[in-house]
Amino acid sequence: MFKSALDDLREFKNHDKNGVYDSILKLSHQFESSWHEAKFVNLSFDPEKIKNIVYVGMGASNLSGKIIQSLSPLLLTVPFEVVSNYRLSNYVGKNSLVILSSYSGNTQEVISCGMDAAKRAANVICITTGGQLEIMAREKHWTIIKLNEKFNVCKEPRMGLFLSLGASLCLMNRLNPSTDQYFDLKSLLQTIEKGVDSGNRIRDTKTNPGKSLASKYLHQGLILIAANHLSGVADSAKNYFNESAKTFSTSFQIPDMNHHLLDGLIYPSQLKDDLKFIILNSDLYPLAIQKRIKITQEVLLRQKYQVTIIKPESENLIGQVLESLVFFIWVSYYLSIANKVDPGTNVWVDYFKKHL
């Protein structure tokens, strides 16, 4: 008998019909392949003339934008905005860089923003596997970073996050070469591979941190709290929990969360059996943030909420982001299996295809 259903390999065959597991195993290959695509692609503009960057994407395709936004104080010297809509901000113009990110290349909001960018004579880079976006880019002679879909076995856009992330981070490095110190590609790939290995389903629940946390928080609402460079990770984890694992989740940032806690506006105590908190901590946070993390934990524990602290081991800011992302992708995957749902199926997409 298996002490945990997650240690029964038959469970994965029953529920992972599209090969999400195989896509996770290739996360480092995703990152490396798209990094090299972005590293050597010809840019159709002068990076020194760029005054602001707008990252356009919907759903899973805007996660890379949110991750970069949380890293922007470190990586960029110009304003950075994430857009998930049909039009661009009024200030976008000839000195703007618009990054159009659509895994399929057929996202209508992204296509609409592409038309808007063309009217404004903005500089454009497209990140995609093909579709209408690639056709538009070729017609308008925009820079295209073509994602290699063979490294995303299940073809689910969310599971190709490291494809768009590798391309996007490399672009930020090219736009600001002074950040080279944070981008030791070999070290970053080792960090990803280490995280992938630690979550391998062959490892039993006792030695597998992803399985362990999934088992601990099964059938619970998950609230993630993060700060600074890990804020984008919390947003991404929330997306994976909601979409892949069908587990209600939301996220907050420090210091905003502290104001709610200290004002006594934290959730009613009767919800403590249904809501669990995950706090992303880091030794690389400023001391003021680390103190706020401690206060947050103390207040939650005083109110009898269950709290788990996740603290990446990497000493590199980018490494911490990648390490944490891999971990939460594993947790989401195991929550999916424990919930007996296919982690590669998006029920909302299927619903809208049928009803719209």
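So, the open sheet: four strands, in the order 7-6-8-9, and the pairing is parallel. Strands here are DSSP runs of E, at least two residues, helices are runs of H or I, at least four, and both are numbered from the N terminus. Two strands count as paired if DSSP finds at least two bridges between them.

Quick caveat: this is a predicted model, where local features need pLDDT of at least 70, side-chain atom pairs count only at pLDDT 80 or more, and totals for chains, interfaces and linings use all residues. Residues are numbered from 1 along each chain as its sequence is written, and side-chain values use heavy atoms, with hydrogens and water left out.

Back to the sheet. Strand 7 (249–253) and strand 9 (306–310) sit at the edges with a single partner strand each, so one side of each has no neighbour in the sheet. Strand 8, residues 275–280, pairs with strand 9 in the parallel sense over five bridges, and there L280 has I310 as its bridge partner.

Now, what packs on the sheet? Helix 10, residues 231–243, does, touching strand 6 (221–226), strand 7 and strand 8; contact means heavy atoms within 4.5 Å. Its direction makes about 170 degrees with that of strand 7. Axes are lines fitted to C-alpha atoms, for helices over the stretch in contact, and angles run from 0 to 180 degrees between N-to-C directions.

Last, a loop residue. N228, between strand 6 and helix 10, has a positive phi of about 45 degrees although it isn't a glycine. N228 is partly exposed at 35% relative accessible area; buried is under 20%, exposed over 50%, partly exposed in between, with a 1.4 Å probe and protein chains only.
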